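Look at the chain shown here. The questions below walk through it step by step.

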Amino acid sequence: MNNLLARILDNYRLTGPNYVGWFRNLRIVLNYEKISYVLNSPEPNILPEGASEAECVTYQKWQDDDLSARSYIVASMSSELQRQHENMPNPSSMILHLQEL
């Protein structure tokens with residue numbers, strides 16, 4: 001990741017009350033990485049046996065991008081928020097929970 005983008009998340013760690021600004025910066029990073037779609041798209045179904053190579057590639061890309069997005073989100077939170085969110089299943093559930101705080 002670009003050092004400038006890493007500094008954005010380092011400088012704007014989520015502490016709770018700064019959610020709006022943090023989320024704006026998170027979207028900048030996820031958009032740059034071309035993975036922001038995982039925030040709004042449902043997890044794909046587990047592939048059936050005999051799935052095509054294209055289906056396997058698409059499924060694996062979503063899984064990899066989901067992991068990257070979750071990692072960016074958790075890494076840019078305060079320690080307390082990390083503890084609360086590190087075991088959530090996907091980025092969209094993390095964001096939904098944060099919006100409710």
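**Confidence and overall layout**

The mean pLDDT of the chain is 89, and 97% of its residues reach 70 or more; pLDDT is the predictor's confidence in each residue, from 0 to 100. This is a predicted model, in which local features need pLDDT of at least 70, side-chain atom pairs count only at pLDDT 80 or more, and totals for chains, interfaces and linings use all residues. Residues are numbered from 1 along each chain as its sequence is written, and side-chain values use heavy atoms, with hydrogens and water left out.

Q: Which element of the chain has the lowest mean pLDDT?
A: Where pLDDT is low, the predicted coordinates should not be read in detail. At the high end, helix α3 (residues 53-75) has the highest mean, 94. The lowest mean is 77, and it belongs to helix α1 (residues 3-11).

Q: How many helices does the chain have?
A: Helices here are DSSP runs (H or I, at least four residues), and strands are E runs of at least two, numbered from the N terminus. The pattern along the sequence is α-α-α-α-α. There are 0 strands, and the number of helices is 5.

Q: What percentage of the residues counts as buried?
A: Buried means under 20% relative accessible area, exposed over 50%, and partly exposed in between (1.4 Å probe, protein chains only). The chain has 101 residues. The buried share is 35%.

**Helix α3 and its partner**

Q: What distance does α3 reach from its first C-alpha to its last?
A: The expected span of a helix is 1.5 Å times one less than its number of residues. Helix α3 has 23 residues, with an expected span of 33 Å. The model comes close to that value, reaching 33 Å.

Q: At what angle do α2 and α3 pack?
A: Axes are lines fitted to C-alpha atoms, for helices over the stretch in contact, and angles run from 0 to 180 degrees between N-to-C directions. The axes of helix α2 (residues 19-32) and α3 are 11 Å apart. Their packing angle is about 145°.

Q: Which residues of α3 make the contact with α2?
A: Contact means heavy atoms within 4.5 Å. From α2 come Trp-22, Leu-26, Val-29 and Leu-30. From α3 come Ala-69, Tyr-72 and Ile-73.

**Salt bridges**

Q: How many salt bridges does the count come to?
A: A salt bridge is a side-chain nitrogen of Lys or Arg within 4 Å of a carboxyl oxygen of Asp or Glu. Side chains of opposite charge can pair when their charged atoms come close. By this rule the count is 3.

Q: Which residue forms a salt bridge with Asp-65?
A: Asp-65 is buried, at 9% relative accessibility. Its partner lies 4 residues away in α3, about one turn of the helix. That partner is partly exposed, at 43%. With the closest N and O atoms 2.5 Å apart, the partner is Lys-61.

Q: Is Asp-66 buried or exposed?
A: Asp-66 forms a salt bridge with Arg-70, with the closest N and O atoms 3.0 Å apart. Arg-70 counts as partly exposed because its relative accessibility is 23%. Asp-66 has just 3%, so it counts as buried.

Q: Which residues does Asp-66 touch, not counting residues up to four places away in sequence?
A: Asp-66 lies in helix α3. Its contacts beyond that sequence window are Val-38, Pro-89, Asn-90 and Pro-91.

Q: Which residue pairs with Arg-83 in a salt bridge?
A: Arg-83 is exposed, with a relative accessible area of 53%. The partner is 3 residues away in helix α4 (residues 79-85), about one helical turn. The N to O distance is 2.5 Å, and the partner is Glu-80.

**The loop between α2 and α3**

Q: Which value is phi of Lys-34 near?
A: Most residues other than glycine have a negative phi, and most peptide bonds are trans. Lys-34 is found in the loop between α2 and α3. Its phi is positive although the residue is not glycine, and lies near 60°.

Q: Which residues is Glu-43 in contact with, leaving aside its neighbours within four places in sequence?
A: Glu-43 has its place in the loop between α2 and α3. It is partly exposed, with a relative accessible area of 43%. Its contacts are Trp-62 and Gln-63.
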